[in-house]
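Thanks, everyone. I have a few items on this chain, so let me put the sequence and the model up and go through them in turn.

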Amino acid sequence: MTAAMVGWAHTQFGKLSEETVESLIVRVANEAMEDAGIGPEDIDEIVLGHFNGGFSAQDFTASLVLQADERLRFTPATRVENACATGSGAIHQGIKTIAAGSARFVLVVGVEQMTATPGPQIAENLLRAAYLKEEGGIPAGFAGVFGQIAGLYFQRYGDQADALAKIAAKNHANGVKNPYAQMRKDLGYEFCRTESDKNPIVAGPLKRTDCSLVSDGAAAVVLADIPTALSLKKAVAFRATAHVQDFLPLSRRDIVRFEGCREAWTRALGDARVGLEDLSFVETHDCFTIAELIEYEAMGLAKEGEGARAIEEGWTLPDGKLPVNVSGGLKSKGHPIGATGVSMHVISAMQLTGTAGDMQLPKAELGGIFNMGGAAVANYVSILQPLKSA
């Protein structure tokens with residue numbers, strides 16, 4: 001263990017018309033520092049996770065974090081981007097800075113504002129996280145990419161529409177308890193399973209309820225080295241981290257296997273010297289329900305082609321053997337690209353310090369996070385454990 005989270009902040013996710021990228025950054029940066037009990041003068045480095053990809057006219061956004069307080073002036077600040085794994089990429093970069101002995105405190109902010117962008121342009125922006133040379137013509141943008149993945153999975157293992165609807169229903173039911181969630185509504189299995197005017201087919205076998213939300217929002221964490229963390233009021237340590245990057249083109253991979261996800265989990269669990277069965281919960285990247293289904297298999301919860309068992313037998317429910325996406329996941333909480341990975345870490349830190357409110361699990365001793373960019377191209381896993389609770 002080289003680093004721990006010692007403070008955090010999280011905005012509401014959703015359509016935040018009164019906010020800007022700058023205002024969201026400023027708010028969570030100040031709240032995270034206040035939560036950690038430190039001042040801007042204590043921050044040694046800043047890392048901003050911001051995908052952008054055309055969503056914001058303001059590019060080159062790392063220095064916007066300095067707008068939070070004039071005492072941050074001259075603090076090194078860098079923007080990190082790795083598609084939908086941008087937030088975790090920023091956090092892992094901050095951990096490396098601490099591990100190198102270059103910083104005692106690192107402020108990590110993740111942000112995105114997507115809802116002000118017209119629908120067709122949203123699809124175009126998101127498709128930039130695919131291999132445009134071969135995949136740029138796929139209809140329906142990134143939903144079309146995962147619609148193809150779902151279709152291939154169905155061809156290999158049979159129709160999984162029941163399992164996908166149960167995953168969507170689970171995550172929407174969980175999201176009701178998350179005060180930050182964009183959609184706090186229990187839609188129920190029947191609505192998620194049935195094609196209708198309100199739940200039309202979007203791409204391939206995927207319906208609207210199989211797709212995550214277009215969102216605005218931000219989250220932030222303060223990272224510290226372990227000795228410093230132990231001197232503060234609360235701390236959640238990184239027992240292990242792993243980052244695995246895979247080929248960008250779908251044509252170079254067996255895409256229904258999420259091999260980069262599997263490798264990241266294998267490395268992180270091995271470094272942490274724990275098994276999946278030791279985890280109290282997992283927050284995983286359900287950009288589409290088919291992604292969560294395949295991730296059950298890639299993390300080792302179910303055999304290949306048998307991911308449906310995990311949801312059908314209740315393993316991933318809040319009272320199951322491995323609760324998955326108790327926050328509601330991207331499906332209910334929302335998916336502001338650059339903020340997503342940071343949000344996953346904040347929610348997990350809350351669970352591990354017993355401060356998750358209505359989301360709180362009775363047992364939260366060890367948590368796992370999987371955040372991916374593209375179609376299992378950028379794969380990040382964090383294994384977290386509490387060091388100190390306030």
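Asp-69 sits in the loop between β2 and β3. This is a predicted model, so keep that in mind for everything that follows. Is Asp-69 buried or exposed? Its relative accessible area is 17%, and the cut-off for buried is under 20%, so Asp-69 counts as buried. Leaving out residues up to four places away in sequence, Asp-69 touches Asn-30 and Pro-40. Glu-41 is 28 residues from Asp-69 along the chain, and the C-alpha atoms of the two are separated by 9.3 Å.

Staying with that loop, between β2 (45-49) and β3 (77-80), we also find Asn-52. Asn-52 is not a glycine, yet its phi is positive, about 65°. Most residues other than glycine have a negative phi. Asn-52 is buried, with a relative accessible area of 2%.

There is another case of positive phi, at Ala-376, where the value is near 60° and the residue is again not glycine. Where is Ala-376 placed? It is in the loop between β10 (367-373) and β11 (378-388). Ala-376 is buried too, with a relative accessible area of 0%.

Next, helix α6, residues 161-175. What span should its 15 residues have? At 1.5 Å a residue the expected figure is 21 Å, and the end C-alpha atoms are 21 Å apart, so the two agree. The helix is mostly covered, with twelve of the 15 residues buried. Among them are Leu-164, Ile-167 and several alanines, including Ala-161, Ala-163 and Ala-165. The buried set also takes in polar side chains, including Lys-170, Asn-171, His-172 and Asn-174. What do the buried residues of α6 pack against? On the helical side, the partners are α5 (141-157), α7 (189-193), α10 (289-298), α11 (308-312) and α12 (329-333). The strand β6 (206-207) is a partner as well.

Last, the domain annotations. The UniProt record, an unreviewed entry, gives "Thiolase N-terminal" for residues 5-224. Over that span the chain is 36% helix and 17% strand, and the end C-alpha atoms are 6 Å apart. The same kind of annotation, also from an unreviewed entry, gives "Thiolase C-terminal" for residues 251-385. That span is 37% helix and 13% strand, with end C-alpha atoms 38 Å apart.

That is what I have; I will leave the model up for discussion.

Definitions and conventions: Residues are numbered from 1 along each chain as its sequence is written. This is a predicted model: local features need pLDDT of at least 70, side-chain atom pairs count only at pLDDT 80 or more; totals for chains, interfaces and linings use all residues. Side-chain values use heavy atoms; hydrogens and water are left out. Helices (H or I, at least four residues) and strands (E, at least two) are DSSP runs, numbered from the N terminus. The expected span of a helix is 1.5 Å times one less than its number of residues. Buried means under 20% relative accessible area, exposed over 50%, partly exposed in between (1.4 Å probe, protein chains only). Contact means heavy atoms within 4.5 Å. UniProt positions are given in the numbering used here, feature names are shortened, and annotations may be inferred rather than shown by experiment.
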